[in-house]
Amino acid sequence: MKKKFLFSISILLCSLSIYAQENNKSVLSIKQIMQGSDFIGHLPSSAKWSQDSKSIYFNWNTENAYSDSLYVYNSTNGNISKVDFETEYNLPSTPTFNSKRTKNVYIKRGDIFYTDITTNKTIQVTQTTDRERNAKFIENGSKIAYQKGQNIYTWNIKTGATAQITNFTDKKDKEKHLSDKDEWLRNDQLALFDVLRERKAKEDARKKAMERYKEKELFSIYTEGKSISSQSISTDGSYVTYIAATYASNKRTTMPHFVTESGYVENENTRSKVGDKPSSYELHIYDIKNKKTYPVSLDNLEGLDYVPEYTKDYPNKTYKNDNRIGYIVGPIWSADGKKAVLDISSNDYKDRWIVLLNLADGTVTNLDHQHDKAWIAGPGIGWGNLGWLPDDNSIWYQSEKTGYSHLYTTNVLTKKTKALTSGNFEIYEPTISTDKKRWYFTANKNHPGDRQFYTMPLKGGKLTQLTTMVGNNEVTLSPDERQMAILHSYSNKPTELYIQPNPIKNRSKTAPKQITNSLTDSFKKYTWKDPEVITFKAEDGAEVYARLYQPKTATKNKAAVIFVHGAGYLQNAHKWWSSYYREYMFHNILVDNGYTVLDIDYRGSAGYGSKWRTGIYRHMGGKDLSDQVDGAKLLVDKYGIDKDKVGIYGGSYGGFITLMGMFNAPDTFKAGAAIRSVGDWAAYNHGYTARILNTPVTDSIAYRKSSPIYYADGLKGDLLILHGMVDDNVHFQDMVRLSQRLIELEKKNWEMAVYPVERHGFVEPSSWTDEYTRIFNLFNESLLNITTKE
């Protein structure tokens, strides 16, 4: 990378000094902000209520200890205290209640605990070295069913008796089949000798008599070499369902660790690459009373024979997908145990089926079929995020039918469907109140980047907003639903814990009360910028949301940096404390040094509905990149940025877009820092990539259009590549391959920094500091012609 001259260091330091004097605040350093929680403060998380609704337990760290500890807030006296080990050890975990909410059961440390709430008496049901799990009430609350190992057991609350319900085994007595020759010889012997016939008759009689005893034995379910999972017993105790899976064997990637305690290179076996052979899943039913098993037939699923539209681009290639069943979640049982629904996804990710399971014969009835020619996703969609309404005849679920994830109900008898919510916003984590009269959920109704907590009548109707603070409100209701524990944050205010009475239950509005103060003095000394959330028009007319950070006129240097968030389907142009908090603080440093910063929720980002989410289908680096280019144009046209002074950076998906920007829009971006980047999507994992690009074998066009390694010849500006060598998400091999390509293309204006002990998410502050110091220097040198030392 070309060298820049040195004289501007004094000018830069002088401007920083002036800034500090004007604001009466300390100047930030990269080393300082990259300490993470040690600099910001350790923030509260994982709030949950005590069962009596009087206390809030949460994870926190006020002592700068190695890890968080459990704290408790007493709502009666307002005190916060650290929970001692013995108290924490004996605290109940999140319980499952019976239908009347008079009893509950919970799992702690792999053992089962049962509480009679009316007497406030708790019994430890199991104390074993095995790990019991999935405990629930069955048979009108008279028994607790749970899983241990592969099998399901029940515990009778009244008698204390434990019964094993299933017996999965791979040991099956093989019947001996005689050859024709030996069969003839056997029959001839029996015909010749009376004693042999008499003995055989006695043995046959004995075996028949023993059959009566065998009928009383526990029924054996033979696995036939398949893996058994998702064992579930019906609420009425009549049926057990289970999945028998045949897992495909796919080649995995070997990743070497060079810096190790042993001093030797140690290899780690990590994920396979996209294009995996799919596993197969079969759902079976065990009829407990009649001691028989039978498979569930899914042959009548709507659209099961669908052939994807993209295959039309390959007229000479035969598309083959003999079994599209991807995974089966459920059953989700009705309260009375008489009905059950399944949530089924296709292995090409383009279909979701919600079906009624007919337990008596293993057939299914279609209730809701969701299809997307790109891929099915969205908040609350898939993986069993559905349930039964109190009438036991209707189910609720979420769908992107209108383009946004909303709440629906379907009557399983009449198949009548009703939309409970609608509009250009999304619903998150809906739950039904304990009195079964209303919904509680989070939604971004007011603004895509503002999440508030709402309630609504059970059958739909007016949404009532319960929280008031702009930003993100992660609400946990107390068991009596009279109070809300709120983990709230704003753009420039990290998460703190608040308590507020539930306006619906208390019939009055009371301001939330902050109960934690987590920030360090060092963090509070600086005036953190509140980025403006703006919108601009993309080249295709779409409205794009972005965070804009602007410097003061006196320090503005007419240079800009565009930050690209990672994960693809993630939101960052919002009004709460970002998960990219180090990057947020780094943007404050950039602004202090005169840069304008733009952070765009490009195509593919979360929070804006299905059309936005799938805007990158079959072409990552298409509209998601053009949104960055349009953002750069906005900076030049509206905010006075020099078109030759625009840089770009990001990590993971953001690193991928940075590479695509440097290769495919080289006249827009003069410098780029690509962190933990994907260089070739054919090398990434199956679950993420196959949703968006299908597979390399079936849709090579999509991979060719979407992978930076094919466009490396377009590099003009200064490129900095940064990658952890033990990244088990985006493998270091990806950037090694790209490096070789750049070498063969004789590109000189690029550098790579490697981090030998870091995975995808960096841990060590020294690594973070080194990384962002290099990025800061890159932009100073390439965009401003100044060499700096942080």
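This note goes through several strands, helices and single residues of a predicted model, one point at a time.

1. A good place to begin is the pair of strands β1 and β2. Strand β1 covers residues 42–49 and is joined to β2 by four bridges, with the two strands running antiparallel. Within this pairing, K48 stands opposite Y57 in β2. The two strands make a hairpin that has five residues between them, and in the turn S53 has a positive phi of about 65 degrees.

2. Strand β2 also pairs with strand β3, which covers residues 69–74; here six bridges join the two, and they too run antiparallel. On this side of the pairing, W60 in β2 stands opposite S69 in β3. As for how covered strand β2 is, the strand consists of residues 55–61, and six of its seven residues are buried, so that it can be described as mostly covered.

3. Further along the chain there is an open sheet of four strands, in the order β5-β6-β7-β8, in which the pairing is antiparallel. Its edge strands are β5, at residues 96–97, and β8, at residues 121–124, and each of these pairs on one side only. Strand β7, at residues 111–116, pairs with β8 in the antiparallel sense over four bridges, and in this pairing T115 stands opposite T122 in β8.

4. Another open sheet of four strands follows the order β9-β10-β11-β12, again with antiparallel pairing. The strands at its edges, each pairing on one side only, are β9 (133–138) and β12 (162–164). If direction is ignored, neighbouring strands of this sheet are turned by 25 degrees against each other on average.

5. Inside that sheet, it is worth looking at strands β10 and β11. Strand β10 holds residues 143–148 and strand β11 holds residues 151–156, and the two pair in the antiparallel sense over six bridges. A reader who wishes to find the pairing in the structure can look for I144, which stands opposite W155 in β11.

6. Turning to helices, two packed helices are described by the angle between their axes and the distance between the axes. Helix α11 (residues 623–639) packs against helix α12 (residues 653–664) at an angle of about 70 degrees, and their axes are 10 Å apart. An angle from 65 to 115 degrees counts as roughly perpendicular, and α11 and α12 are therefore roughly perpendicular to each other. The crossing of these two helices is right-handed.

7. Which residues of α11 and α12 meet each other? On the side of α11 they are D624, L625 and Q628, while on the side of α12 they are Y653, F656, I657, M660, G661 and N664. Taken by kind, the residues of this contact divide into five nonpolar, three polar and one charged.

8. The last point concerns a single residue, R737, which is found in helix α15, at residues 732–744. Is R737 buried, partly exposed or exposed? Its relative accessibility is 33%, and since buried means under 20% and exposed means over 50%, with partly exposed in between, R737 counts as partly exposed. When its neighbours within four places in sequence are left aside, R737 is in contact with D680 and I709. With D680 in particular, R737 lies 57 residues apart along the chain, and the C-alpha atoms of the two are separated by 8.9 Å.

Key. Residues are numbered from 1 along each chain as its sequence is written. This is a predicted model: local features need pLDDT of at least 70, side-chain atom pairs count only at pLDDT 80 or more; totals for chains, interfaces and linings use all residues. Side-chain values use heavy atoms; hydrogens and water are left out. Two strands pair if DSSP finds at least two bridges between them. Axes are lines fitted to C-alpha atoms, for helices over the stretch in contact, and angles run from 0 to 180 degrees between N-to-C directions. Angles under 35 degrees count as roughly parallel, over 145 as roughly antiparallel, 65 to 115 as roughly perpendicular and the rest as oblique. A crossing is left-handed if the near helix is turned anticlockwise from the far one by less than a right angle, and right-handed if clockwise. Contact means heavy atoms within 4.5 Å. Ala, Val, Leu, Ile, Met, Phe, Trp, Tyr, Cys and Pro count as nonpolar, Asp, Glu, Lys and Arg as charged, and the others, Gly among them, as polar. Buried means under 20% relative accessible area, exposed over 50%, partly exposed in between (1.4 Å probe, protein chains only).
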